[in-house]
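Hi,

Here is the structure I promised to pass on. Have a look at it first, then read on for what I found.

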Amino acid sequence: MINPVHLRTLLEVVAHRSFATAATRLGYTASAVSQQMTALERSTGTTLFLRGARSITPTPGALRMVRHAKRVLTDLDALMADVATISTEATDLEEIKLGIFPSLATYALPQILKAPDWSSLGINLRLWIGEPQQTVAGLGTGGDLDLALIFQVGPGGLSWPASLERTWLGDDQFRVVIPASWPIAEDSQLTVDQLAEWPWIFHHPGTSDATLISRLFSSYNIHPQVAAYCDDFNASLSLVSSGLGAALVPDLAMANAPEGIRIVDAPEIRLARSIFALKPENSKKPKAALVLDRLAQVLSR
């Protein structure tokens, strides 16, 4: 195995035809330079110098080795410079701890993380996927989230400290989803009386979604049959596709909708949840704004 240090010393010795001069330029003793050249001769099996009483003469083997050594050492220098750049980039990464609710995470994060320029932004994204109540708590006293994406259905049901900055990102419309096997034309406009005749898949009572949907139906004096309670939209869609009942599902959760479902129009049922970003007022994470910008771009499509 050839030691690169010995190759650098070889270049100096050949250039100056002197162990002593090479030693002075490299900060070694002449004895150390001589020992390095002897070690290089031993490792390569080649005589590199003809040693006289007061001079040294490089052999043809030494001159040929110099030509190769220059290329090898140039490549080594390039390698070390590149590694140093990578190390610098790694230390420049800013960790952003993001809280995000499941349906938005499923819809938006693959688009953001697979973007060609994502790795160049210098962001180490750490995720906390949970319901708004959980992520808001992660932004409060003792929490360590830098940014949280939450939704609100209606004006109440969720609150957060006044010290958090709020940015509205858009509305997520609910759709009336029914089994495709039901004998209802896809372009039908349905009345609330027709909706009242169906079995429904609702959120568990007490959740913000369930409260608002219940109020919406009650405003029309409708008390539909409940076929299932489910807070997971993916599970609800699977139950709809199996024919169990209808459901109200937001657009974001429709990204991976299974076969066997149909979206129908019910003009009297207009419901949406508003999506907000929350972050501490005195945030010291400037790249959180880049994450927020990417999320806003995805939601605007």
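The side chains of Ser 274 and Asp 171 are joined by a polar contact of 2.8 Å. Bear in mind that this is a predicted model, as goes for everything below. Ser 274 sits in strand S11, and apart from residues up to four places away in sequence it touches Ile 150, Phe 151, Gln 152, Trp 168, Gly 170 and Asp 171.

Gly 170, one of those contacts of Ser 274, is part of strand S6. Is Gly 170 buried or exposed? With a relative accessible area of 13%, Gly 170 is buried, since the cut-off for that is under 20%. Its contacts, leaving aside neighbours within four places in sequence, are Arg 273, Ser 274 and Ile 275. The last of these is 105 residues from Gly 170 along the chain, yet their C-alpha atoms are separated by 5.5 Å.

Arg 273 turns up again in a contact with a ring: Arg 273 lies over the face of Phe 151, at 4.4 Å from the ring centre. Phe 151 is also among the residues that Ser 274 touches.

While we're on rings, how many aromatic pairs does a search of the whole structure find? The count is 9. There is also an aromatic cluster, made up of Trp 182, Trp 198, Trp 200, Phe 202 and Phe 217.

Next, helix H10. This helix covers residues 288–299, 12 residues in total, and its first and last C-alpha atoms are 17 Å apart, close to the 16 Å expected at 1.5 Å a residue. Its buried residues are Ala 288, Val 291, Leu 292, Arg 294, Leu 295 and Val 298. Looking down the axis of H10, you find these buried residues within an arc of 160 degrees, so they line one face of the helix. An α-helix has 3.6 residues a turn, so residues three or four places apart point the same way. And what covers the buried residues of H10? The cover includes helix H5 (102–113) along with strands S3 (94–100), S4 (123–129), S5 (147–152), S6 (164–179) and S11 (272–280). Two of these we have met already: S6 holds Gly 170, and S11 holds Ser 274.

Asp 146 is worth a look too. You'll find it in the loop between helix H6 (132–139) and S5. Asp 146 is buried, at a relative accessible area of 11%. Its side chain reaches the backbone nitrogen of Lys 97 at 2.8 Å, and a polar contact of 3.2 Å links it to the side chain of Lys 285. Not counting residues up to four places away in sequence, Asp 146 touches Glu 95, Ile 96, Lys 97, Leu 139, Lys 279, Pro 280 and Lys 285.

Another acidic residue, Asp 231, is in the loop between S8 and helix H9 (233–241). Asp 231 is partly exposed, at 36% relative accessibility. Which residues does Asp 231 touch, not counting those up to four places away in sequence? They are His 203, His 204 and Thr 207. The side chain of Asp 231 makes a polar contact of 3.2 Å with the side chain of His 203 and reaches the backbone nitrogen of His 204 at 2.9 Å.

Now to the N-terminal part, with helix H1. Its 13 residues should span 18 Å at 1.5 Å a residue, and the end C-alpha atoms are 19 Å apart, which agrees. At the start of H1, a side-chain oxygen of Asn 3 comes to within 2.9 Å of the backbone nitrogen of Val 5. Buried in H1 are His 6, Leu 7, Thr 9, Leu 10, Glu 12, Val 13 and Val 14.

After H1 comes Arg 17, in the loop between helix H1 (4–16) and helix H2 (19–26). Arg 17 has a positive phi of about 55 degrees although it is not a glycine, and it is partly exposed, with a relative accessible area of 44%. Asn 221 is another non-glycine with a positive phi, of about 60 degrees. Asn 221 lies in the loop between helix H8 (208–219) and strand S8 (225–229) and counts as exposed, at 61% relative accessibility.

Over to you!

Definitions and conventions. Residues numbered from 1 in each chain as written. Predicted model: local features only at pLDDT ≥ 70, side-chain atom pairs only at ≥ 80, totals over all residues. Heavy atoms only, no water. Helix = DSSP H or I, 4+ residues; strand = E, 2+ residues; numbered from the N terminus. Expected span 1.5 Å × (residues − 1). Buried < 20%, exposed > 50% of the residue type's maximum accessible area, 1.4 Å probe, protein only. Arc of directions from axis to C-beta. Contact = heavy atoms within 4.5 Å. Polar contact = N/O pair within 3.5 Å; in protein donor to acceptor, adjacent residues only side chain to side chain. Phe/Tyr/Trp six-rings, centres within 6.5 Å; stacked < 30°, edge-to-face > 60°. Lys NZ or Arg CZ within 6 Å of the ring centre and 35° of its normal.
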